[in-house]
Amino acid sequence: MTMNKCPLCNLKLEDEVIHGEYGPFIVLRTKDLKGHKERIMIVCKEHVHHIGWKEYEAALEFLVEIGKRVFSYTPKFIIMDSTFASITEHWHLVCTDLDPKSDDFEQILRTKWLKVIDLNWE
Ligand SMILES: [Zn+2]
């Protein structure tokens with residue numbers, strides 16, 4: 001098992017910006033903002049590759065609720081699929097604004113978006 005080397009298992013929560021906790025999940029600011037004003041992720045506290053559909057739905061909903069607060073400075077934010085994620089063995093989803101000047105904007109455009117939250121219509 002490579003579990004002990006997993007960066008998401010080894011997060012020092014006291015050093016992170018925590019936005020919320022819900023059941024098995026925690027939402028925090030990503031260590032690397034990649035040029036964004038805010039960039040957050042939802043992580044399963046346990047080292048699991050996959051979560052059940054019901055949990056997935058709840059996680060998405062919780063991430064959207066937090067995102068509405070965190071990304072209130074911008075009209076839209078998205079939840080990205082983990083296609084280009086550097087960590088694949090520990091379940092998490094990244095949520096970001098759509099700043100064209102950010103370092104990973106090209107990659108964002110190539111990534112599948114699980115959800116687009118348009119705050120203009122909320
Ligand atoms: Zn892990």
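**Sheet, helix and core of the predicted model**

Strand 4 and strand 5 run antiparallel and are joined by four bridges; strands, like helices, are DSSP runs numbered from the N terminus (E, at least two residues, for strands; H or I, at least four, for helices), and two strands count as paired if DSSP finds at least two bridges between them. Phe77 has Asp97 in strand 5 as its bridge partner. The structure is a predicted model, in which local features need pLDDT of at least 70 and side-chain atom pairs count only at pLDDT 80 or more, while totals for chains, interfaces and linings use all residues. Residues are numbered from 1 along each chain as its sequence is written.

The pair formed by strand 4 and strand 5 belongs to an open sheet of six strands, ordered 1-2-3-5-4-6 with antiparallel pairing. Strand 1 (18-22) and strand 6 (113-118) are the edge strands, each pairing on one side only. From one strand to the next the twist averages 15°; axes are lines fitted to C-alpha atoms, for helices over the stretch in contact, and angles run from 0 to 180 degrees between N-to-C directions.

At one edge, strand 1 pairs with strand 2 in the antiparallel sense over four bridges, with Ile18 opposite its bridge partner Leu28 in strand 2. The two strands form a hairpin with two residues between them, and Gly23 in the turn has a positive phi of about 55°. Strand 2 (residues 25-29) also pairs with strand 3 (residues 39-44), again in the antiparallel sense, over five bridges. In this pair Ile26 stands opposite Val43 in strand 3. The loop between strand 2 and strand 3 contains Lys34, a residue other than glycine whose phi is positive, near 50°. Most residues other than glycine have a negative phi. Lys34 is partly exposed, with 15 other C-beta atoms within 10 Å; a residue is buried at 20 or more such atoms, exposed at 12 or fewer, and partly exposed in between, with C-beta atoms placed from the backbone.

Towards the other edge, strand 4 and strand 6 run antiparallel and are joined by five bridges. Lys76 has Asp118 in strand 6 as its bridge partner. Four of the five residues of strand 4 are buried, so this strand is largely enclosed by the rest of the structure.

Helix 1 (residues 53-70) lies across strand 1, strand 2, strand 3, strand 4 (76-80), strand 5 (92-97) and strand 6, and runs at about 155° to strand 3. Its 18 residues reach 25 Å from the first C-alpha to the last, close to the 26 Å expected at 1.5 Å a residue, the expected span being 1.5 Å times one less than the number of residues. Ala59, Leu63, Gly67 and Val70 of helix 1 are buried. These residues are on the same side of helix 1 because they cover an arc of only 70° around the axis, taken from the directions from the helix axis to the C-beta atoms. The face turned away from the buried side carries the exposed residues Lys54, Glu57, Glu61 and Arg69.

Leu63 touches Val27, Ile42, Ile79, Leu93 and Cys95, not counting residues up to four places away in sequence; contact requires C-beta atoms, placed from the backbone, within 7 Å. The largest nonpolar core has 21 residues, of which Phe25, Met41, Ile42, Leu63, Leu93 and Cys95 touch the most other members. Such a core is a set of buried Ala, Val, Leu, Ile, Met, Phe, Trp, Tyr and Cys residues joined through C-beta atoms within 7 Å. Strand 3 supplies the largest share of this core, five residues.

Conventions: Two residues are in contact if their C-beta atoms, placed from the backbone, lie within 7 Å.
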